[in-house]
Protein chains: 2
Amino acid sequence: MANITLKQLRYFEALAGQGHFGRAAELCSVSQPALSMQIKELEGQLGMALFERGARQVRLTAFGEDFGRHARGVLRGAQELEEMARKAREEFSGRLRLGVIPTIAPYLLPRVFKALAARYPRLDIQVRETLTSKLLTELDEGRLDAAILALPVSEPSFEEVPLFEESFVLVRPEGEAALPVPSAESLSQMRLLLLEEGHCFRDQALSVCSIPQVRPRDGFDASSLSTLVQMVGAGMGVTLIPEMAVPVETRSASVAVARFAAPEPARSVGMIWRKTSPLIEQLRDVADLVRDAAGRA
Amino acid sequence: MANITLKQLRYFEALAGQGHFGRAAELCSVSQPALSMQIKELEGQLGMALFERGARQVRLTAFGEDFGRHARGVLRGAQELEEMARKAREEFSGRLRLGVIPTIAPYLLPRVFKALAARYPRLDIQVRETLTSKLLTELDEGRLDAAILALPVSEPSFEEVPLFEESFVLVRPEGEAALPVPSAESLSQMRLLLLEEGHCFRDQALSVCSIPQVRPRDGFDASSLSTLVQMVGAGMGVTLIPEMAVPVETRSASVAVARFAAPEPARSVGMIWRKTSPLIEQLRDVADLVRDAAGRA
DNA sequence: TATTTGCCATAATTAAAAATTATCAAAGCG
DNA sequence: CGCTTTGATAATTTTTAATTATGGCAAATA
């Protein structure tokens, strides 16, 4: 046995409203027999008469009235589906799950949030802050829509766009502020404080200093840039931090910040998403917006 | 542009649940391309992607999730329509609008109500008590489903079934109880009290007495059998009432009731409905039930 | 009462939609 | 690499729904 269709319900509603097959058919822009047949088919499927066809007029049966009340709700629901789509189409709305690595999130997000909220008022932005490896897994599994991290990622299934270059700056104890700025390479000779393993920034810092690899030293590896700066302030050594973290992290610490001589060491920050993502258009737009927000710093 | 169909929603729901075109198609008992095409069509109509087709799995988009939540409601609504029909089919339920003339209603209905409620527990019985002419109009206009009144009606658009014969009895002042029962015809010589114009029972009484027509006499025509009996009790004259009214109307009045000699004057009470009514089957059943209830008096 | 008219049902046919089978291309996997 | 899985596409067939034409019934008209 076949199933009820929305078309039948639309015809039904027209006929219930008009009480006249011909006019109802015209209202639906179909011929009268088309409507007659669909109504007949519907009644057949239900096993119940919906209309009483009198000589002078077509009337709803008691069951037809009940049916009509309920059918109206179904039709309205179907129409709302289309309206949902229309609304969603004309504006990027819904949910955006964005992953950001910890050495970027606290410094970039405040600006990005503001810009995103202004551009897409109806967008629900969910942020996940974690290490690159986890971001990649979650992105791949569809639990994130995009991620902001250090490029390159070089996953063929991801599209990546660069956002900005971020220089690394030297953070030394306040007392050393007057000393000449050492070259990045010469940092390997100093007590260089690093983030824990897993942070890409740890590897980037080591790479800048041309140090191939270092065994993690318990108690010496910090879990955040903030801790790192505090450790420098306590005289435990020197460190590198990304430029963007400077205003926030060095404000209340007794440390001196120094830029390296050109060419400054730096990393590329970018945004990635699945090549298959249906949000690609919007994500490109979001990337532009993030780039703007970061540049206007 | 075409419209969303319930079939598309069913396919959508299957795919959302399975995350796999092949399995979803199997669940719907169709081929995989059939389902693929319908999903594609649906996405095209919405102008929005519902699924992200990754290499390893098919995932709902954020919009797809919203859509799914709403779509589920629409599908459930459609299914409820079928359930409504199934329920209504297996039992006479809904609403029965029954018209009854005033000279029958008060005496017959108590019994009929009980019988109907026992037989059709889910039936909502609405009674309209008014004169025959109004009943006929309202029945014709579809504002009533059936009517109980005195036959014959002889409208070709109505089907009529007899229910029972109802004798007329003589009501006299208590003091006249010992007198011989006059013949019906001889009542024309007495002070015969009648109902107001419009009551069929007025005409039936006159007909029984072989009185062709009488001008209404203000203040002498009663608006109900109850009043009529009270007037007899007050010594204003004699009257006829239908047998069925005797127990109720003569209980507390100082009147004497006498049956006429055979052949007793009587009227035929029956039930009518539109020949086009979709309730015909059930109405025949109701008529049987009313006949039973009346006979068991 | 005969006639005409309005209105819905039915039939025959055509048009459109949706299904099927077969095949392809991309991506994961041993 | 081949091999498998999986979804998209193409060609075709089947099914469904539409159209036009026609018929029949009952009410309104003359």
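Ala, Val, Leu, Ile, Met, Phe, Trp, Tyr, Cys and Pro count here as nonpolar, Asp, Glu, Lys and Arg as charged, and the others, Gly among them, as polar. By these classes, the surface near DNA strand D holds nine nonpolar, six polar and four charged residues, where a residue is near a strand if one of its heavy atoms lies within 4 Å of it.

The model is predicted, so that local features need pLDDT of at least 70 and side-chain atom pairs count only at pLDDT 80 or more, while totals for chains, interfaces and linings use all residues. Residues are numbered from 1 along each chain as its sequence is written, chains are lettered from A and ligands numbered from 1 in the order in which they are written, and side-chain values use heavy atoms, with hydrogens and water left out.

**The surface near DNA strand D**

Among the 19 residues around DNA strand D, those that come nearest are Lys7(A), Tyr11(A), Ser31(A), Ser36(B) and Arg53(B). Of the strand's atoms that come within 4 Å of the protein, 77% belong to sugar and phosphate. Three side chains place a polar atom beside a phosphate oxygen of this strand, as the table shows; a polar contact is a pair of N or O atoms within 3.5 Å, and within protein one must be able to donate a hydrogen and the other to accept it, with residues adjacent in sequence counting only if both atoms are side-chain atoms.

| Residue | Distance from side-chain polar atom to phosphate oxygen of DNA strand D |
|---|---|
| Lys7(A) | 3.0 Å |
| Ser31(A) | 2.3 Å |
| Ser36(B) | 2.8 Å |

Two or more residues of this surface come from each of helix H1 (6-18) and helix H3 (32-46) of chain A, and from each of helix H2 (21-27) and helix H3 (32-46) of chain B; helices (H or I, at least four residues) and strands (E, at least two) are DSSP runs, numbered from the N terminus.

**The two pockets**

On a 1 Å grid over the protein atoms alone, a pocket is an open set of points where a 1.4 Å probe fits, with protein on both sides within 12 Å along at least five of seven lines, and lining residues have an atom within 4 Å of a point. The largest pocket has a volume of about 690 Å³, and Met48(A), Phe63(A), Ala88(B), Ser93(B) and Leu279(B) lie nearest its centre among 30 lining residues.

The second largest pocket, of about 580 Å³, is lined by 32 residues, with Ala88(A), Ser93(A), Gly94(A), Met48(B) and Phe63(B) nearest its centre. Both volumes are the space filled by probe spheres set on grid points, which are joined across faces, edges and corners. H4(A) gives the most to the second lining, with seven residues.
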